[in-house]
Amino acid sequence: MGFSIMREENNSTTQTIKIELPADKSAARQGDALEYDVRKRYAALVFHNQEYRYAHNSYEAEQQEMRCIENGDLSGLEHCWSEMARQLNRGDSFFGTLASDPKRNIKDLCIAVITLASRAAIRGGLRPEESFCLCDCYVQKLEECGDSALFGQLALRAERHFTELVHEQKTASDPRSEGPVSRYANRCMDYIFAHLHEKLTVQQIADALHLHPNYLSALFKRQTGQTILQYILQEKIKLAQNMLIYSDYSYSEIATYLGFSSQSQMGVHFKKYTALSPHAYRRRYRVAGMGFSGLSDPNSP
C-alpha cells in the first residue's frame, strides 16, 4: 500500500498538493519495490558502519544544538559549532550520505540543518508561518548558490538567524504576562500574522476563532501582557521595518499595504515604536542595492 503526491498548477499563485492512493496495483507494486530497495540499503549500511566503526554525528550533539536555537542561546550555539568541528577533526563522527554527487550531498545536508533549525525555532516561540517562510528563503538561496564552499556557511547563518529571532521573541515578552500562551492566543497571533495587510479588528479575529471578542481580548491580555490591538500595531511596525530595509516600496505604498489610513498615520506609530521616522529608519539601515520591488509569481518559469 502506498500513495502518490500530485502537484496541480494553475494561473493563480496557489499550488495544491493532493495525496492519493495509487489507482492500480501496478503503482502499488512499484512502491513496494522502492521500499524493498530502501530496506536492503538500510541493512547494508548498518552492517557497513558497524563493521568499520563509522558513526554519524552525535544525536545528543544535534539535540543540544537544537535546544540552543529553541532557547535563543547564541553563545551556546557557537559552542556547539566548535564542539562539532573538534569531533569531525578527530574523526569521532561523520555526516551522512544523502546523495551520490558530493556537491548535491553537501547541499542536502545543509537543507536538513536549516529545516531542523526552523522547527526548533517554532518550539522556541517563533510563529510557525514566519519560520516556514524563512526556511523556504534559505533553502531557495542554497539551491541558487553555485559555490559549494558557501553551503555550510549559509546553513550556519540560517541557524544563527533563527536563534536571533527566538532570542528577540523571548526578550520582548511582556513581564506582565501570565504563564504559557494558550492555543487560542497562539491561533490569534497566527491569524494576525496571516492578515497583517488588512485593517484588523478584534471582532473579525474573534469570529474567525469562534470566540466572544471580550473573552478573547481578556485571554490575550492576560497571557501576553498586551491588548490585541497593541500586538497588531507592533507586528505591523516590525513588518514595516523589514520593508523599509529590504524593499523598494515607497512610504505611502507600505502604509497602504499594512492597512494604515495614511502615510502620516503610519509615521506617527512608527516613530513611537522606533524613535525614528520611516525616512530616517530607511536611510540609517537600508543596504544599497539590496531592495526588491515585489515578489515574483512562484508558478512562473
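**Figure 1. Aromatic side chains, beginning with Tyr281, which counts as buried at a relative accessibility of 9%.** The terms follow accessible area relative to a reference, buried being under 20%, exposed over 50% and partly exposed in between (1.4 Å probe, protein chains only). The model is predicted, so local features need pLDDT of at least 70 and side-chain atom pairs count only at pLDDT 80 or more, whereas totals for chains, interfaces and linings use all residues. Residues are numbered from 1 along each chain as its sequence is written, and side-chain values use heavy atoms, with hydrogens and water left out. In contrast to the buried Tyr281, Tyr285 is partly exposed, at a relative accessibility of 38%. Both tyrosines belong to helix H13 (residues 278–285), where four residues, about one turn of the helix, separate them; helices (H or I, at least four residues) and strands (E, at least two) are DSSP runs, numbered from the N terminus. Together with Phe270, Tyr281 and Tyr285 make up one aromatic cluster.

**Figure 2. Geometry of two of the aromatic pairs, of which the structure holds four.** Rings of Phe, Tyr and Trp (its six-membered ring) pair if their centres lie within 6.5 Å, with planes under 30 degrees apart counted as stacked, over 60 as edge-to-face and the rest as tilted. The structure has four aromatic pairs by this criterion, and one of them joins Phe220 and Tyr231, whose ring centres are 5.5 Å apart and whose planes stand at 65 degrees, so that the arrangement is edge-to-face. This pair links distant parts of the chain, with Phe220 in helix H9 (residues 213–224) and Tyr231, eleven residues apart from it, in helix H10 (residues 228–246). Phe220 is buried, its relative accessible area being 0%, and Tyr231 is likewise buried, with a relative accessible area of 6%. The pair formed by Tyr281 and Tyr285 is tilted, with 4.6 Å from centre to centre and 50 degrees between the planes.

**Figure 3. The largest nonpolar core, which has 26 residues.** Such a core is a set of buried Ala, Val, Leu, Ile, Met, Phe, Trp, Tyr and Cys residues joined through side-chain atoms within 4.5 Å. In this core of 26 residues, those with the most contacts inside it are Ile69, Ile114, Ala121, Tyr138, Leu142 and Phe162. At least two residues each are supplied by H2, helix H3 (74–90), H4, helix H5 (128–144) and H6, and the largest share, seven residues, comes from H6. Once its neighbours within four places in sequence are set aside, Ile114 is in contact (heavy atoms within 4.5 Å) with Cys135, Tyr138, Val139, Leu142, Ala155, Ala158 and Phe162.

**Figure 4. Surroundings of Leu219 in helix H9.** Leu219 counts as buried, with a relative accessibility of 5%. Apart from neighbours within four places in sequence, its contacts are with Ser182 and Tyr184. The C-alpha atoms of Leu219 and Tyr184 are separated by 8.3 Å, although the two residues are 35 residues apart along the chain. For the protein as a whole, 61% of the contacts with a separation of 6 or more are made by residues 24 or more positions apart.

**Figure 5. Ala61 in helix H2 and its spacing from Glu83.** Ala61 is partly exposed, at a relative accessibility of 24%. From C-alpha to C-alpha, Ala61 and Glu83 are 8.5 Å apart in space, while in sequence they are 22 residues apart. As context for this view, the protein has 13 helices and two strands, and 33% of its 301 residues count as buried.

**Figure 6. Two loop residues, His210 and Ala275, each with a positive phi.** Most residues other than glycine have a negative phi. His210, which is not a glycine, has a positive phi of about 60 degrees, and this residue sits in the loop between helix H8 (202–209) and H9. With a relative accessible area of 71%, His210 is exposed. Ala275, also not a glycine, has a positive phi of about 70 degrees and is placed in the loop between helix H12 (263–274) and H13. Ala275 is exposed as well, its relative accessible area being 58%.
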